[in-house]
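User: Hi! I have a protein model open on my screen and would like to walk through it with you. Could you help me read it, one spot at a time?

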Amino acid sequence: FTTLQEFNEFNELYADFKTTQNLFDMKKILIDYCKRDSLIVKNGVKSFLKVIPLINNKKIPLSASSIALQTAIQFYPKLRGGYSTLYNEIFKMAYYGGRCEVFGNLLPNETALHFDFKGMYSSCMQEKLPLGKAIFVSEPHDFNKPGFYLINFTHFTNIPVLPIKINKKLNFFVGTMEGWFWFEEILLAIKYGAIVNKIIAGLIFDKYEPFLNEYVSLNLSLRDQGFAENIIGKNNINLLYGRLGMEGVDSQFLISNLDAPINFLSSWVMNNSTIYEIKSNKIKPINLAIAAVITSKARIKLYRGFKDVEAFGGRILYSDTDSIIAAFLKNIYRDKLDIELSSGVKFNSGTSGTVLEDAVFALPKAYSVVYRSKDNCLVQQTKIKSLRNLNNFHYKFKDAFLNNKILVWREKSINKYKFDIKYDEIVLKIRLNGLDKRKWINKKYFSRPINYDETSNK
């Protein structure tokens, strides 16, 4: 049982069963339950095994991301970049990931509208991507050729374009900074006020083509052909760019009941076998350059969405990789529905959750909204990273955030310890006022970007 409610429901069922039939064969019930689970898994695996050969003529890999990688390599065998360690370090510095930020909260005279980009990464993967050789250039004259450039730049604006990574966390500062960036993102920053003080170096590619277009088109068409096909097609698109950026490991594991391998690093016994950790050659990332470019293109699409929404009369409140939530005046927000902007943003009135009756944004991955479902019922949706069961939590969340209180979250579960059943309760105390990517101003209705000079990383 995962919750107290499930345990109580079971006890009621058990009591009723004993009263009416005087027999309760727990073993038989559990066996039947496990059989159903096993049949579901078996049928699911069989469905996947039928689909995979349609797109992948190699042996079946061990992970979903490996299926995506092997399928893509069939379309373009040179997908493995084969770049030097130095170049991979540069690509790593330019690999920033998705953008998730809190910009503000609703004023009393505003209503929030929510939009999700459909197929953000699939569309980015169908654009031109870098191929072939990369050439290092010291102090290039411009950044008009496809490549990554190390620049010193200055930018002052409410929503900066170029990211800076500190302790593996993405930040968007104002001020004067340096970093490696994809050329299209630099051009976007210049369009919105950034000044490039110096181009220090460049890593320029000799080919720039939409070579993954066929791969993406195959997987998009696959998604319409059935349940298993939909999952595999979706995973192949969503997992490929991340798999391209993954680094290999320094060790691997061997399960054996034979003699120990030579020079194993560590070992432990499980059942009748021993698991050995053995050293392996660390594999270079498959193609960090493409992974970095795809995420850069996604940030560009998102930023263009920001600017479209602002020009449309909106004020950006929150963003997360491929979604935008913006505030509009209550007396005009209905006029903003069902109009598609040049960036693809369209606040669809027919989608549940587009119009938010209330919303509170505290931290990246920590917010709460209220909207009406299709049957006109109020829905409270609270999101806090890593937590679940946050039903009807909106007003507790809002009170804790606005009044600087500690938010208390509890979850009860029933767990089996040997032959005893024990009730466990997890209690977490959460601070919602630790925003460190921007600074709150005007009673948390607005925030401002942090000046890089204010940080300890200058």
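User: Happy to start in the strands. Which strand holds L203, and is L203 buried or exposed?
Analyst: A quick note before we begin: this is a predicted model. L203 belongs to strand β8, which covers residues 195-209. Its relative accessible area is 0%, and because buried means under 20%, L203 in β8 is buried.

User: What surrounds L203, and how far is its C-alpha atom from that of G147?
Analyst: Leaving out neighbours within four places in sequence, L203 is in contact with Y87, I90, F91, A134, I135, F136, G147, F148 and W180. One of these, G147, is 56 residues away from L203 along the chain. Even so, the C-alpha atoms of L203 and G147 are separated by 5.4 Å.

User: Now the whole protein. What share of the contacts with a separation of 6 or more comes from residues 24 or more positions apart?
Analyst: For orientation, the protein has ten helices and 20 strands, and buried residues make up 44% of its 458 residues. Among contacts with a separation of 6 or more, those between residues 24 or more positions apart account for 67%.

User: And what percentage of the accessible surface belongs to carbon and sulfur atoms?
Analyst: The accessible surface of the protein comes to about 25900 Å². The part of that surface belonging to carbon and sulfur atoms is 53%.

User: Let's look at T382. Which residue shares a polar contact with the side chain of T382?
Analyst: T382 sits in strand β16, residues 378-384, and counts as buried at 8% relative accessibility. Not counting residues up to four places away in sequence, T382 touches Y367, S368, L390, F393, H394 and F397. From that set, the side chain joined to T382 by a polar contact of 2.7 Å is that of S368.

User: Charges next. How many salt bridges are there, and how many residues apart in sequence are the parts tied together by D436 and K169?
Analyst: The structure holds 15 salt bridges. In one of them, the side chains of D436 and K169 meet with an N to O distance of 2.9 Å. D436 lies in the loop between β18 and β19, while K169 is in strand β6, so the pair ties together parts whose separation in sequence is 267 residues.

User: Are D436 and K169 themselves buried or partly exposed?
Analyst: D436 has a relative accessibility of 42%, and K169 has 35%. Because buried means under 20% and exposed means over 50%, D436 and K169 each count as partly exposed.

User: What about D399: which residue is its salt-bridge partner, and what is the distance?
Analyst: D399 is partly exposed at 30% relative accessible area, and its partner K405 is partly exposed at 40%. In the salt bridge of D399 with K405, the closest N and O atoms are apart by 2.8 Å.

User: I also noticed E454. What does E454 pair with, and which residues are joined into a network by salt bridges that share partners?
Analyst: E454 forms a salt bridge with R448, with the closest N and O atoms 3.5 Å apart. E454 is partly exposed at 45%, and R448 is partly exposed at 31%. As for the network, salt bridges that share partners join E127, E184, K297 and K301.

User: On to a helix. What distance does α3 reach from its first C-alpha to its last?
Analyst: Helix α3 spans residues 64-75, twelve residues in total. Its buried residues are S65, S66, I67, A68, L69, T71, A72 and I73. At 1.5 Å a residue the expected value is 16 Å, and close to this, α3 reaches 18 Å.

User: Which residues make up the nonpolar surface patch that includes V45?
Analyst: V45 is found in helix α2, residues 26-55, and is partly exposed with a relative accessible area of 41%. The patch has about 250 Å² of accessible area together, and its members are V41, V45 and L49.

User: Last one: where does N404 lie, and what is its phi?
Analyst: N404 lies in the loop between α10 and β17, and is exposed with a relative accessible area of 55%. Although N404 is not a glycine, its phi is positive, at about 55°.

How values were computed. Residues numbered from 1 in each chain as written. Predicted model: local features only at pLDDT ≥ 70, side-chain atom pairs only at ≥ 80, totals over all residues. Heavy atoms only, no water. Patch = residues over 30% accessible without salt bridge, like charges linked within 9 Å, V, L, I, M, F, W, Y side chains within 5 Å. Areas by Shrake-Rupley, 256 points an atom, 1.4 Å probe, with all protein chains shown as cover. Salt bridge = Lys/Arg side-chain N within 4 Å of Asp/Glu carboxyl O. Helix = DSSP H or I, 4+ residues; strand = E, 2+ residues; numbered from the N terminus. Buried < 20%, exposed > 50% of the residue type's maximum accessible area, 1.4 Å probe, protein only. Polar contact = N/O pair within 3.5 Å; in protein donor to acceptor, adjacent residues only side chain to side chain. Contact = heavy atoms within 4.5 Å. Expected span 1.5 Å × (residues − 1).
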